[in-house]
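Work through the exercises below with the model open. Try each task before reading its solution.

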Amino acid sequence: MIGTRLRQLRKEHNISCRQLGKDIGLSASALSHYETGINVPCMENVVKIAEYFNVSVDYLVGRSEYRNQEEIQKIVQKRAARKYINKLIDNDIIEKSVVSQQYTEPGKER
């Protein structure tokens, strides 16, 4: 999973293995080997890569679908807002028709 995520992040940031390696002190071939699964990075290098792309180590190794704490916080806030709005609707304080679609997560229905 780390290889897939590393390649995805690198492509999203439009950065080559060579440039990434230069920026974090690794060789382009080492990064390429991580991406293809030939080698697995040590924890020190996993942390370097995660910090460079501002993602959690859990995201990088495939243990989380959330990239970082800020992304998690936004989701928690959105869910809390939706829960509060649903409570207002249930208590007939506001009508369902006035609730904006922005409080519904993409792909999820209430």
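**Exercise 1. Find the ring that R5 lies over.**
Solution. R5 sits over the face of Y59. The distance to the ring centre is 4.0 Å. The rule: NZ of Lys or CZ of Arg must be within 6 Å of the ring centre and within 35 degrees of the ring normal.

A note on the source: this is a predicted model, where local features need pLDDT of at least 70, side-chain atom pairs count only at pLDDT 80 or more, and totals for chains, interfaces and linings use all residues. Residues are numbered from 1 along each chain as its sequence is written, and side-chain values use heavy atoms, with hydrogens and water left out.

**Exercise 2. Sort the residues of helix α4 into buried and exposed.**
Solution. Step one: locate α4 at residues 43–53. Helices are DSSP runs (H or I, at least four residues), numbered from the N terminus. Step two: apply the cut-offs, with buried under 20% relative accessible area, exposed over 50% and partly exposed in between (1.4 Å probe, protein chains only). N45, V46, I49, A50 and F53 are buried. They span an arc of only 135 degrees around the axis, so they lie on the same side of α4. The arc uses directions from the helix axis to the C-beta atoms. M43, E44 and E51 are exposed on the other side. Step three: look for the cover. It includes α1 (2–12), α2 (17–24), α3 (28–36) and α5 (57–60), with contact meaning heavy atoms within 4.5 Å.

**Exercise 3. Compare the accessibility of Y52 and F53.**
Solution. Y52 is partly exposed, at 33% relative accessible area. F53 is buried, at 6%.

Methods. Helix = DSSP H or I, 4+ residues; strand = E, 2+ residues; numbered from the N terminus.
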